[in-house]
Amino acid sequence: MTALLTPTTYTIDPWDPSYGVAAGDELDGRDSTARLDLAVELPVAQWRPMRPDPGVRLPASVLFLDGVRRIDARLWVHGAQPQPVPGLVASLAAGLVCCDTSARVIDVRVDRSLYAAAQEASDLRTGHATYTFRPARPGQDELSLAVQQRLAELEAELAATWREGGTTDDLLVVDGPLRGRTHLARTVGYVKTHHAAYLPPEQAGVVASLAAGERSPVFGMGTSWQRHSWYLRLPGGSGAPWSAVVRLECSPDLPIEDVVALADLTSTVLPPLASTPHKDPRAPQNLVPIGGLERQLRHRLGDAAFLYRSLRAALMGAAR
């Protein structure tokens with residue numbers, strides 16, 4: 001006798017999907033347990049503010065890569081399992097800005113997916129969008145992590161496709177940590193906010209003393225993944241010790257001379273791109289190309305309420 005298959009159905013959770021979504025990787029104000037190598041560029045006792053080499057060679061273009069995500073709905077997947085399992089329906093957008101003689105958006109990709117720990121689930125099709133099913137581990141935190149990992153993949157795919165043209169004279173700045181993208185050549189991660197205190201007090205004091213355009217010495221850092229990192233102060237800060245300070249990071253596999261060259265290059269090309277408070281509430285850290293790209297990406301996600309109604313209508317029709 002052929003076993004009857006249990007049909008897979010979905011129920012949308014009425015709770016606002018914007019609540020309960022993790023907003024950061026770490027808790028504000030918490031000391032870090034990262035493993036540090038503070039003597040990568042200078043001996044620890046010689047830490048001081050660093051000015052970029054005035055002879056640093058500038059690339060032909062600087063690329064800025066960013067992505068945005070939005071939870072369109074939380075739902076429950078009813079299938080063969082004894083209890084329904086939670087799922088997330090999310091829209092993602094990744095984009096790339098090229099700055100050479102001008103700044104322009106050169107590519108944007110949109111991804112809509114359903115994430116759930118239910119192997120029998122399938123793509124969700126509405127009258128206005130298709131959400132590709134992507135298996136995930138069970139649990140709300142794991143679902144959120146799966147969304148973030150997909151966004152990192154989308155960004156890496158976008159950058160790799162653009163670079164297939166053969167250019168090697170560029171610098172790629174990824175908005176956010178470089179986790180999962182350290183394999184990208186000539187690439188740095190750009191971290192705008194500080195969720196943990198990584199440095200000991202003496203080295204943190206050096207960062208607090210940076211003038212605009214100065215950086216800290218390069219140091220090694222290991223948490224769940226390894227990277228080289230340095231701090232940079234942008235112009236336009238408030239005068240508070242860590243105002244306008246950003247952290248940059250790159251692959252741990254690069255030779256130290258290449259890491260230092262990247263540190264000097266970012267200290268040269270990024271400060272002129274700092275935003276201003278009357279145009280961006282996250283100034284100066286939210287660089288002008290990134291701020292403009294984010295606005296376009298959020299527009300490309302589509303109207304959240306419209307997509308939500310379309311999703312509800314599709315599921316209600318399927319349940320009849």
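User: Which element supplies the largest share of the lining of the second largest pocket?

Analyst: In this predicted model, helix H3 does, with 5 residues. H3 runs over residues 256-269, and strand S9 (170-175) also supplies at least two residues of the lining.

User: What is the volume of the second largest pocket, and which residues are closest to its centre?

Analyst: The volume is about 380 Å³. The lining has 19 residues, and those closest to the centre are Arg 186, Asp 258, Ala 261, Leu 262 and Leu 265.

User: How many residues of that lining are nonpolar, polar and charged?

Analyst: The lining has 9 nonpolar, 3 polar and 7 charged residues. Leucine and alanine count as nonpolar, whereas aspartate and arginine count as charged.

User: Ser 267 is in H3 as well. Why is Ser 267 called buried?

Analyst: Buried means under 20% relative accessible area. Ser 267 has 4%, so Ser 267 is buried. Leaving out residues up to four places away in sequence, Ser 267 touches Pro 52, Gly 213, Arg 215 and Leu 232.

User: Why does Gly 127 count as exposed?

Analyst: The relative accessible area of Gly 127 is 68%. Exposed means over 50%, so Gly 127 is exposed. Gly 127 is found in the loop between strand S7 (124-125) and strand S8 (130-135). Its C-alpha atom is separated by 45 Å from that of Val 269, and the two residues are 142 apart along the chain.

User: What makes Ala 240 partly exposed?

Analyst: Its relative accessible area is 36%. Buried requires a value under 20% and exposed a value over 50%, so Ala 240 falls in between and is partly exposed. Ala 240 lies in the loop between S13 and S14. From C-alpha to C-alpha, Ala 240 and Ala 208 are 8.4 Å apart in space, with their positions 32 residues apart in sequence.

User: Which residues of helix H2 are buried?

Analyst: In H2, residues 201-208, the residues Gln 203, Ala 204, Val 206 and Val 207 are buried.

User: How do you know that these residues are on the same side of H2?

Analyst: They cover an arc of only 150 degrees around the axis, and therefore they lie on the same side of H2. The face turned away from that buried side carries the exposed residues Pro 201 and Glu 202.

User: What do the buried residues of H2 pack against?

Analyst: They pack against strand S13 (226-233) and strand S14 (245-250).

User: How many disulfides does a search of the whole structure find?

Analyst: The search finds 0 disulfides. Cys 99 is in no disulfide, and the nearest cysteine sulfur, that of Cys 98, is 6.8 Å away. A disulfide needs two cysteine sulfur atoms within 2.5 Å, so the pair at 6.8 Å does not qualify.

User: Why do Cys 99 and Cys 250 count as buried?

Analyst: The cut-off for buried is under 20%. Cys 99 has 13% relative accessibility, so Cys 99 counts as buried. Cys 250 has 0% and therefore counts as buried too.

User: What does the chain contain, and what does it span?

Analyst: The chain has 5 helices and 14 strands. Its C-alpha trace spans about 75 × 40 × 40 Å along the principal axes. Of its 320 residues, 48% count as buried. Among contacts with a separation of 6 or more, 66% are between residues 24 or more positions apart.

Definitions and conventions. Residues are numbered from 1 along each chain as its sequence is written. This is a predicted model: local features need pLDDT of at least 70, side-chain atom pairs count only at pLDDT 80 or more; totals for chains, interfaces and linings use all residues. Side-chain values use heavy atoms; hydrogens and water are left out. Buried means under 20% relative accessible area, exposed over 50%, partly exposed in between (1.4 Å probe, protein chains only). On a 1 Å grid over the protein atoms alone, a cavity is a set of points where a 1.4 Å probe fits but cannot get out, and a pocket is an open set with protein on both sides within 12 Å along at least five of seven lines; lining residues have an atom within 4 Å of a point. Grid points are joined across faces, edges and corners, and a volume is the space filled by probe spheres set on the points. Helices (H or I, at least four residues) and strands (E, at least two) are DSSP runs, numbered from the N terminus. The arc is that of the directions from the helix axis to the C-beta atoms. Contact means heavy atoms within 4.5 Å.
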